[in-house]
Amino acid sequence: MIVLAQYRPTRCASPWFKPKLSCGKKNSGNPLAPSSPRRTGRKGLRRDSPASGTANRSRSKLPCVHGRAQDARRNAPSVEANTQAPSPAEMDGLLDEILPVIVSFLPAHDAVRTCVLAKRWRHVWTSAPAIRITAIKGFRSADQFNRFVDRLLLQRRQGLCPLESCEFHMVETDFEFDWSACVEHVYLHNLQSALDCHVQALRCHFMPTNPTDFAEDLQEPTAPFLSNHIQRLQLSFIRLSLDFSGCPKLVDLEMHGCVILADSILSNSVQHLSMCCCQLYTRHRTSISLPHLVRLDFTDCFGKVPLFESLPSLEKAIVRIGEFTGDECDGSDSVCCLQENACWECRFAFEFDAARRRSYLFQGLSRASHLELSASYDHAFIFQRDLKWCPKFPMLKTLVMDDWCLDADLSAVILFIQQSPNLEKLTLELFEEFDSSMVSEGSNHLLPGAVPDHLKMVEIKCEMVDVRVNKVLKILTTYGISLDIIYIRQADTSPGCSAFVSTGFNLN
């Protein structure tokens, strides 16, 4: 029997709200002074308020614990006491704390311009906790822009107020002069200058009109980043060497569209690593060995997949192989290349497989408790090859796979179930356009009935229940998985609806 799940998304209220300010009579004296209160009754409540009686009745019902409730009621301040206006000294102290925070939301050049507003604004920008460097319409050349950024960071580095975060948001279409010269200067000089300001978070976002070859044209940095305070680093479309040994407190590292030319990632503190659309080596592999890494996001990167060596603290990993991966077989028969008779190109690409006797991906991911492995059916060659040395996954509880797992009668799915003694939930996302060749037969040599009883739920997500889904169900039942724990969620593709609706099928 199949348990069919049904759910539909519900509209939630907007998280934003606008507080309404109660306005009384205008006060011609102090504009911040409150309006004169209306006549009130006992305990500061208005006599004409319907809540006065309710409030008194609710108070009488409060439990008295050793007399503390009665003492708190006698000592509680009245409503009239809370409506008094703050003193001018209190208002000045409040403004001195709020104004730098407000200025930090402005672009850097606008934040500096606030010094001409009034005398008290003269040095407000120097104490802002964050600066955001963007395009400046008033400058006509890259030299003027670079001098402004240098001077700005110098002033903050020599100032007394700490700088918590710094952002370089530079979009090529926003600049009226040589954008590449500005980016080159920021990349080679200003990033380290920002780190010298003891920032805890640094974000560098370059957005060129043609991002394909932009990062490759940048010069390689002469020295790695050095900072004893940086904790979060976000980099986009720059060239990196991945040596973060000089940042002992770095925890969060995110890279998007970066060119990575390094043999290994060096860091003893990184806990979250995100690599999206990055360009890696095409001839050899970058080694990733991070002792404190907790979460890994590796999605749609170019070049060869890195070697995930040692990740002992890993808890969650998301690996998605894109169409520009460098691990593919261009031969006529890729199935033979997955066996012992590999073609010349595959032998060159995997020349030390026999010496390693370990997988490229799965060995480093074996400590994760949540694992997502995604790839299209035509670009999952590295996944299928890694199955030859699939290790044990003793901590794995949740596994998500997509269409690539259909190859060889679901041998990848069954192997992961058998190698994961604590697996509780398995999700198969089958949304790729169906082809009869995607469920091949004859190459699954796993023993039936070897699936343990720890699996509690198998979820199949699909657009429609077709021959592929029915065959998946038959294979799962062959290996001892009961139909009672299988859930099918069929996507409703009608316009304006993105829910999953219940569906039915027949194994016969």
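Colleague: In which sense do strand β12 (residues 295–299) and strand β14 (residues 316–321) pair, and over how many bridges?

Modeller: Strands of a sheet pair through backbone hydrogen bonds, either parallel or antiparallel. In this predicted model, β12 and β14 pair in the parallel sense over five bridges. Helices (H or I, at least four residues) and strands (E, at least two) are DSSP runs numbered from the N terminus, and two strands pair if DSSP finds at least two bridges between them. Within the β12–β14 pairing, threonine 299 stands opposite arginine 320 in β14.

Colleague: On what basis are residues numbered and values admitted?

Modeller: Residues are numbered from 1 along each chain as its sequence is written. Local features need pLDDT of at least 70 and side-chain atom pairs pLDDT 80 or more, totals for chains, interfaces and linings use all residues, and side-chain values use heavy atoms, with hydrogens and water left out.

Colleague: Which strand pairs with β14 over six bridges?

Modeller: That strand is β15, and the pairing is parallel. Isoleucine 318 has glutamate 372 in β15 as its bridge partner. β15 (residues 370–375) is in turn joined to β16 by four bridges, again in parallel; here leucine 371 stands opposite leucine 399 of β16. From β16, four further parallel bridges lead to strand β17 (residues 425–430), where leucine 426 faces leucine 399.

Colleague: What handedness has the β-α-β unit that includes β15 and β16?

Modeller: The unit formed by β15, helix α12 (residues 381–386) and β16 is right-handed (with the strands pointing away from the viewer, the path from the first strand over the helix to the second runs clockwise).

Colleague: What is the strand order in the open sheet of three strands?

Modeller: The order is β9-β11-β13, with parallel pairing. Because β9 (264–265) and β13 (307–308) stand at the edges with a single partner strand each, one side of each has no neighbour in the sheet. β9 pairs with strand β11 (residues 287–288) over two bridges, and serine 287 in β11 is the bridge partner of serine 264.

Colleague: Which elements have the lowest and the highest mean pLDDT?

Modeller: Helix α1 (residues 51–60) has the lowest mean pLDDT, 42, and strand β16 (residues 398–401) the highest, 96; pLDDT is the predictor's confidence in each residue, from 0 to 100. Residues 1–70 have pLDDT below 50, and this stretch has 60 contacts (heavy atoms within 4.5 Å) beyond near neighbours in sequence. Residues 496–506 are also below 50, with 34 such contacts. For the protein chain the mean is 75, and 67% of its residues reach 70 or more.

Colleague: How many cavities of 30 Å³ or more are counted?

Modeller: The count is three. A cavity is a set of points, on a 1 Å grid over the protein atoms alone, where a 1.4 Å probe fits but cannot get out; lining residues have an atom within 4 Å of a point. Points are joined across faces, edges and corners, and volume is the space filled by probe spheres set on them.

The largest cavity holds about 90 Å³, and its lining includes Tyr187, Phe225, Arg239 and Asp243. By class, this lining has nine nonpolar, one polar and two charged residues (nonpolar: Ala, Val, Leu, Ile, Met, Phe, Trp, Tyr, Cys, Pro; charged: Asp, Glu, Lys, Arg; polar: the others, Gly among them).

Colleague: Which element supplies the largest share of the lining of the second largest cavity?

Modeller: α5 does, with three residues; α5 (108–113), β2 (130–133) and α6 (142–158) each supply at least two. This cavity holds about 50 Å³, and Trp125 and Arg156 are among its lining residues. The lining comprises 10 nonpolar, one polar and one charged residues.

Technical notes
On a 1 Å grid over the protein atoms alone, a cavity is a set of points where a 1.4 Å probe fits but cannot get out, and a pocket is an open set with protein on both sides within 12 Å along at least five of seven lines; lining residues have an atom within 4 Å of a point.
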